[in-house]
Amino acid sequence: MANDSNIDDSALVARLREPATCRAAFNEVVRLYSEPLYRQIRRLVEAHDDAADILQNTFLKAWSSIENFRGDAKLSTWLYKIAINESITHLARERKRLNLSLDDEESHLVGLIEADENIDGDKLALELRKAIASLPEKQRIVFNMKYYDEMKYEQMSEILGTSVGALKASYHLAVKKIEKHFAGLE
Amino acid sequence: MDEKTDILSKVNRNDGMTVPEGFFEAFAERMAAELPDRPEAERPQIVVPQRTLWGRIRPYVYMAAMFAGIWCMLKMFTMMTGSSVDFSVDQNHILTDALSDENFVFDYIIDDVNSREVFDDMYGDSIDVEDLTPVDSLLDEPAAE
């Protein structure tokens with residue numbers, strides 16, 4: 001996946017601020033960030049269709065509130081924050097719609113993973129997704145960011161509004177639970 | 001590290017997720033087509049015309065004209081009501097005639113000043129009555145009678 005942390009978005013942000021160029025610049029933002037954001041969203045909601053809808057909502061929200069982006073944080077950080085919030089909102093809405101408890105959500109997500117047609121057939125990767133689905137929501141987000149995106153704790157801290165120490169603890173706990181999950185498979 | 005705990009390195013950060021062919025290209029095109037107008041960002045900027053010299057001084061001209069108008073109104077009001085009549089003594093013929101009449105002055109002005117007040121004024125001015133040189137005509141007057 002694209003390593004978005006390497007993208008220098010200062011020129012892009014400058015173009016986003018100009019009314020004459022903001023639309024073209026935003027189309028470029030969509031092309032640059034749709035894949036990393038999609039993957040981050042899909043790892044949380046699992047279903048491709050839901051991830052596509054949330055991705056669209058993420059960009060629409062970003063477009064409508066682009067003037068609120070002050071440029072203090074990186075553009076990718078701001079977009080990730082919107083995407084994570086949209087994903088969490090979607091999961092909460094789904095829990096309410098399907099009348100699921102937090103514990104039931106795990107089996108619901110596993111069901112979605114097993115029914116997923118958009119997979120590459122790697123059984124180990126599939127099993128890891130199931131193990132991640134068994135984690136609490138916050139640990140799931142932290143693990144996905146750290147393990148798959150290799151995101152720095154500092155950037156994760158900006159996105160999630162959590163201290164670096166707490167994020168490290170969350171990741172450590174998540175890894176332990178995943179190891180336990182695989183140990184139980186034998 | 002055994003096989004179980006080494007699982008994360010074996011997966012090699014592959015999430016196993018795929019997307020339909022051309023999904024991201026189609027998504028970018030769809031987003032570009034569906035992006036709503038953003039009035040606050042795409043509103044044509046209002047071009048403020050450059051201020052001319054007249055534009056800059058106009059408020060001051062208007063203010064000066066207003067004060068001039070007020071002054072004219074007051075002047076006309078004064079002229080219409082005739083409130084500019086001069087009350088000075090020179091313009092009053094009756095008073096002027098009276099003051100030029102010696103008898104009137106002696107009868108009504110000089111006589112009204114008594115000698116006591118004259119002496120008080122003189123003492124106030126440090127004039128000693130004894131130092132005054134009598135006017136011969138006044139001294140001779142009783143003798144003449």
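This report describes the helices, the buried share, one pocket and one cavity of a predicted model.

**Overall build of chain A**

Chain A contains nine helices and zero strands. Read from the N terminus, its elements follow the order α-α-α-α-α-α-α-α-α. Of the 186 residues in chain A, 51% are buried. Among contacts in chain A with a separation of 6 or more, 62% are between residues 24 or more positions apart. The accessible surface of chain A is about 8,800 Å², and carbon and sulfur atoms account for 49% of that surface.

**Helix 3**

Helix 3 of chain A covers residues 48-64, which is 17 residues. A helix of this length should span 24 Å at 1.5 Å a residue, because the expected span is 1.5 Å times one less than the number of residues. The end C-alpha atoms of helix 3 are 24 Å apart, so the model agrees with the expected value. The buried residues of this helix begin with His48(A), Ala51(A), Ala52(A), Ile54(A) and Leu55(A), and continue with Gln56(A), Thr58(A), Phe59(A), Ala62(A) and Trp63(A).

**A pocket and a cavity**

The table sets out the second largest pocket and the largest cavity.

| Space | Volume | Lining by class |
|---|---|---|
| Second largest pocket | about 160 Å³ | four nonpolar, one polar and five charged residues |
| Largest cavity | about 40 Å³ | three nonpolar, one polar and three charged residues |

The second largest pocket is lined by Leu102(A), Asp103(A), Glu105(A), Glu106(A), Ala133(A), Ser134(A), Leu135(A), Pro136(A), Glu137(A) and Arg140(A). Two helices of chain A, helix 5 (102-114) and helix 7 (137-148), each supply at least two residues of this lining. Helix 5 of chain A gives the largest share, four residues. The charged residues of the pocket lining number five, and Asp103(A) and Arg140(A) are among the lining residues.

The count of cavities of 30 Å³ or more comes to one. The largest cavity is lined by Arg43(A), Glu46(A), Arg129(A), Ile132(A), Asn144(A) and Tyr148(A), together with Met17(B). The lining of the largest cavity therefore includes a residue of chain B, Met17(B), because a lining residue has an atom within 4 Å of a point of the cavity. Helix 6 (123-133) and helix 7 of chain A each supply at least two residues of the cavity lining. Helix 7 of chain A thus contributes at least two residues to the pocket lining and at least two to the cavity lining.

Definitions and conventions:
Residues are numbered from 1 along each chain as its sequence is written. Chains are lettered from A and ligands numbered from 1 in the order in which they are written. This is a predicted model: local features need pLDDT of at least 70, side-chain atom pairs count only at pLDDT 80 or more; totals for chains, interfaces and linings use all residues. Side-chain values use heavy atoms; hydrogens and water are left out. Buried means under 20% relative accessible area, exposed over 50%, partly exposed in between (1.4 Å probe, protein chains only). Contact means heavy atoms within 4.5 Å. Accessible areas come from the Shrake-Rupley method with a 1.4 Å probe; for residues, only the protein chains shown count as cover. On a 1 Å grid over the protein atoms alone, a cavity is a set of points where a 1.4 Å probe fits but cannot get out, and a pocket is an open set with protein on both sides within 12 Å along at least five of seven lines; lining residues have an atom within 4 Å of a point. Grid points are joined across faces, edges and corners, and a volume is the space filled by probe spheres set on the points. Ala, Val, Leu, Ile, Met, Phe, Trp, Tyr, Cys and Pro count as nonpolar, Asp, Glu, Lys and Arg as charged, and the others, Gly among them, as polar.
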